[in-house]
Amino acid sequence: MLWRAACRVATRIAGPSPPRRGLRLRGLDQSPHPPGFSDVVPPTEETVFRPLYMDVQATTPMDPRVLDAMLPYLINYYGNPHSRTHSYGWESEAAVEHARQQVASLIGSDPREIIFTSGATESNNIAIKGVARFYKLRKKHVITTQTEHKCVLDSCRSLEAEGFKVTYLPVQKNGIIDLKDLEAAIQPDTSLVSVMTVNNEIGVRQPIEDIGRICSSRKVYFHTDAAQGVGKIPLNVNDMKIDLMSISGHKIYGPKGVGAIYIRRRPRVRVEAVQSGGGQERGMRSGTVPTPLVVGMGAACELAQEEMENDHKRISLLAERLVEKIMSNLPDVVMNGDPVQHYPGCINLSFAYVEGESLLMALKDVALSSGSACTSASLEPSYVLRAIGTDEDLAHSSIRFGIGRFTTEEEVDYTAEKCIYHVKRLREMSPLWEMVQDGIDLKTIKWTQH
Amino acid sequence: MAASSRAQVLDLYRVMLRESGKFTSYNYRTYAIRRIREAFRENKNVKDSAQIQMLVNKAKRNLEIIRRQLNMKIPCQIGFASNVSM
């Protein structure tokens with residue numbers, strides 16, 4: 001009785017109903033004051049509507065508990081962790097080592113195997129260039145896939161310019177590599193295989209355990225870019241026989257500008273350092289370790305470990321809800337990527353007969369993207385979609401929906417409704433849709449006379 | 001310290017929900033309220049008093065975190081972003 005009364009009171013005083021996300025970005029400061037340092041105090045209430053955030057693959061909001069863990073190291077405990085002579089240094093170092101332990105326990109490794117970097121891009125560079133260059137006298141071959149992140153592909157390209165041979169494994173229609181292709185590609189002079197755990201554009205999960213098994217039996221190092229998978233799916237570097245792993249801070253509700261690389265010690269993986277300097281981080285990544293960022297990342301990893309199951313269950317439900325709503329109300333919608341070997345929080349849908357950019361612009365009160373953030377400036381359809389064999393026209397109409405820890409059911413419902421409304425509206429305007437409705441098969445149309 | 005009584009736990013629950021409702025960010029507010037409800041509901045039937053005390057301490061730490069964040073009064077609008085229009 002008391003419990004129910006308490007719940008009633010709690011729901012009534014749980015604040016105003018969440019502001020309806022509007023199309024307006026009005027209410028902005030129209031005065032000629034210079035931005036930032038005006039005498040007008042910026043409002044602390046959310047008077048301006050901002051779009052719903054459905055792009056968690058690009059970055060995630062920081063969890064308040066992570067920010068709280070970082071604050072002391074931004075304010076009072078500002079010492080350099082490498083200062084050995086005073087307590088500022090000692091307490092900062094203790095914090096860094098504690099964070100290292102938190103990151104290590106998330107992936108099942110030893111803390112000595114974690115090196116902090118500036119992000120997953122730097123970790124990928126260290127892994128690929130560092131390993132390849134160390135073993136370059138006898139091993140000149142590197143294997144990766146066509147759907148990797150740009151930083152991996154670009155590192156491989158720069159290795160090719162140095163004289164290495166790189167094999168880019170194709171992926172099947174569902175986005176997953178064929179293990180037989182991998183086995184055939186491994187040669188006696190292969191030093192490294194790099195396959196990402198969860199793809200950032202279509203959300204497919206590669207069979208990491210199988211790849212790890214193959215690589216360890218053929219004595220080839222296995223690197224995985226786990227930026228989108230760490231803290232979201234259970235990963236264990238020993239069970240999955242992973243030798244190198246890249247971790248990104250800002251994909252798991254931590255701060256931007258920090259990441260980590262896991263480098264196996266038993267058996268030892270030798271890596272040539274990419275960044276020279278004072279020998280910090282076991283000589284593999286010189287430079288002052290940014291204590292507040294690293295503490296934030298450690299806290300984010302610990303939280304991820306606690307909340308993983310809960311978050312995964314919730315995100316799966318929300319993802320099913322979104323996909324079910326959209327697909328039951330709209331015909332001709334294709335989900336890119338394998339439906340089973342898939343991380344539920346990343347949904348990539350192609351809406352036929354609708355142009356992706358125009359749909360993104362129509363959904364202006366939802367923050368979405370049609371591919372990865374690094375490629376969002378170009379008009380080319382994503383290379384990942386091309387690699388999985390999507391038709392050119394479907395590749396142009398794809399949208400990526402991201403669902404994370406902070407996404408609510410209301411946001412998912414709103415996104416689905418708006419998406420359905422705008423797709424229907426854009427299709428009404430589309431001559432291609434008219435032709436399809438009349439029963440014409442678009443592939444039989446001759447678009448030009450010559 | 002005396003073991004936390006039912007009334008104290010309920011009081012803590014009420015206070016946490018009330019403070020969480022003050023978050024200005026929609027996502028943080030809804031997450032905090034939802035997570036607090038889930039956590040208290042999940043541990044409703046815990047009988048071991050040492051475990052109850054541990055959970056209560058954890059909840060108190062989280063309440064401190066919420067209070068600290070709310071005290072910071074971070075502005076929701078920043079100057080140079082006001083040029084963005086859609």
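1. A quick definition to start with: contact here means heavy atoms within 4.5 Å. Please also keep in mind that this is a predicted model. With that in hand, have a look at helix 8 (residues 291–329) of chain A, which lies across strand 9, strand 10 and strand 12 of chain A. Helix 8 of chain A runs at about 10 degrees to strand 10 of chain A.

2. Now for the sheet under discussion. Strands 9, 10 and 12 of chain A form an open sheet of 3 strands, in the order 9-10-12, and the pairing is antiparallel. Strand 9 and strand 12 of chain A are the edge strands, each pairing on one side only. From one strand to the next, the twist averages 30 degrees.

3. The pairings can be followed residue by residue. Strand 9 (residues 333–335) of chain A pairs with strand 10 of chain A in the antiparallel sense over 3 bridges, and here Met335(A) stands opposite Leu349(A) of strand 10. On to strand 12 (residues 398–402) of chain A: 5 bridges join this strand to strand 10 of chain A, again antiparallel. Two places to check in strand 12 of chain A are Phe401(A), the bridge partner of Ile347(A), and Arg400(A), which has Asn348(A) opposite.

4. Strand 10 (residues 346–351) of chain A deserves its own point. How many of its residues are buried? The count is 6 of 6, so to speak of the strand as mostly covered fits the cut-off, where buried means under 20% relative accessible area. As a reminder, side chains in a regular strand alternate between the two faces of the sheet. In strand 10 of chain A both faces are covered: Cys346(A), Asn348(A) and Ser350(A) are buried on one side, and Ile347(A), Leu349(A) and Phe351(A) are buried on the other.

5. Finally, a helix pair between chains A and B. The axes of helix 2 (residues 64–75) of chain A and helix 3 (residues 49–72) of chain B come within 10 Å and cross at roughly 80 degrees. Helix 2 of chain A is therefore roughly perpendicular to helix 3 of chain B. Which residues meet there? From helix 2 of chain A come Pro64(A), Arg65(A), Leu67(A), Asp68(A) and Leu71(A), and from helix 3 of chain B come Asn62(B), Ile65(B), Arg68(B), Gln69(B) and Met72(B). By class, this contact has 5 nonpolar, 2 polar and 3 charged residues.

Conventions
Residues are numbered from 1 along each chain as its sequence is written. Chains are lettered from A and ligands numbered from 1 in the order in which they are written. This is a predicted model: local features need pLDDT of at least 70, side-chain atom pairs count only at pLDDT 80 or more; totals for chains, interfaces and linings use all residues. Side-chain values use heavy atoms; hydrogens and water are left out. Axes are lines fitted to C-alpha atoms, for helices over the stretch in contact, and angles run from 0 to 180 degrees between N-to-C directions. Helices (H or I, at least four residues) and strands (E, at least two) are DSSP runs, numbered from the N terminus. Angles under 35 degrees count as roughly parallel, over 145 as roughly antiparallel, 65 to 115 as roughly perpendicular and the rest as oblique. Ala, Val, Leu, Ile, Met, Phe, Trp, Tyr, Cys and Pro count as nonpolar, Asp, Glu, Lys and Arg as charged, and the others, Gly among them, as polar. Buried means under 20% relative accessible area, exposed over 50%, partly exposed in between (1.4 Å probe, protein chains only). Two strands pair if DSSP finds at least two bridges between them.
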